[in-house]
Amino acid sequence: RSRQAFSPRISFDATHLRLDSSVLDDIPVIEPGFPPMLGMHGLGPLDGQVVGAQLYQPLINVGAWNARRQAGSALDAAELSLHRSRQEVEVAVVESYFGAQTARRQVEAEQKGLATALRSLRQAEAGFEQDLIAPVDVLSARTRVAEMKARVAAAEARVVAAQAILRRVLGMDGDVQLVLTDPVPRPHPPGPDRPIDRDALAERSDLRALEQGLEAARYGVKRARAAWLPDVNLYARYDRLYGNDPLDFDETGWLLAVNLRWTPFAGFAQAGALDEA
């Protein structure tokens with residue numbers, strides 16, 4: 001669409017004309033003879049065709065050029081944003097998958113802690129029966145067992161939630177049973193502190209999308225400023241006129257024009273568009 005403001009426009013039109021009016025009836029004419037006499041004559045309906053072709057070519061339109069470059073920058077920004085969104089979807093899938101795996105491993109760890117708390121409770125109860133441990137230690141061991149059971153239940157709830165998130169990310173139904181086989185990868189150890197890698201940042205599609213969006217905004221400002229500049233257009237038209245009744249004629253005509261249009265003031269419209277840009 002941005003090409004339309006500086007691309008040529010060619011159009012053709014054909015019209016059949018028929019005019020039937022009382023003005024064409026009873027027209028006074030001089031009849032031949034001696035002496036000549038004044039008579040009335042009807043011409044009947046006027047019938048003819050008009051066939052034409054026209055060319056419209058903008059020559060200078062600064063606003064259209066900037067609009068074209070603005071649209072190009074906006075398109076680049078949209079494509080980069082789409083690429084970034086696809087990467088985010090991939091990260092979300094990986095995060096959800098291994099999140100479910102991690103939640104399952106946390107359940108196993110909490111269950112081991114519960115088993116340890118149960119052994120401690122049995123030892124405390126045996127020591128209490130032999131009057132080796134105070135009652136408060138037994139109560140503390142029972143409290144620890146109850147706490148670990150609660151932690152196991154919370155961990156199992158996190159497994160259900162993590163699997164639900166993974167199903168939602170993958171677009172699966174809620175009753176699909178997931179079997180996760182890939183182990184959780186071990187992260188690489190962090191390296192020494194290094195300065196910011198500008199080249200790596202330049203490859204980030206989200207930052208490049210922001211830069212292209214900023215570039216599109218700059219051309220939007222230039223486009224708004226161009227509203228104060230004149231536009232120059234070329235206009236060419238060719239017509240052919242045929243007459244059938246009551247006159248028989250065949251005429252042609254050419255029209256060639258260069259149009260300069262300049263609006264120095266449009267009710268603060270240019271200023272408002274520039275402020276918005």
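Two exercises with worked solutions follow, on salt bridges and on the largest pocket of a predicted model.

Residues are numbered from 1 along each chain as its sequence is written. In this predicted model, local features need pLDDT of at least 70 and side-chain atom pairs pLDDT 80 or more, whereas totals for chains, interfaces and linings use all residues; side-chain values use heavy atoms, without hydrogens and water.

**Exercise 1.** Determine which parts of the chain the salt bridge between Asp13 and Arg237 ties together, and classify the accessibility of Asp13 and Arg237.

*Solution.* Step 1: a salt bridge requires a side-chain nitrogen of Lys or Arg within 4 Å of a carboxyl oxygen of Asp or Glu. The side chains of Asp13 and Arg237 meet at 3.1 Å, N to O.

Step 2: Asp13 belongs to strand β1 (residues 9–19) and Arg237 to strand β5, so the bridge connects parts 224 residues apart in sequence. Strands are DSSP runs of E with at least two residues, and helices runs of H or I with at least four, numbered from the N terminus.

Step 3: buried means under 20% relative accessible area, exposed over 50%, and partly exposed in between (1.4 Å probe, protein chains only). Asp13, at 28%, is partly exposed; Arg237, at 16%, is buried.

**Exercise 2.** Identify the residues nearest the centre of the largest pocket, and state which of its residues pair in a salt bridge.

*Solution.* Step 1: Asn61, Gly63, Ala64, Asp231 and Arg261 lie nearest the centre. A pocket is an open set of 1 Å grid points where a 1.4 Å probe fits, with protein on both sides within 12 Å along at least five of seven lines; lining residues have an atom within 4 Å of a point.

Step 2: Asp231 and Arg261 form a salt bridge (3.4 Å, N to O). Asp231 is buried at 14%, while Arg261 is partly exposed at 47%.
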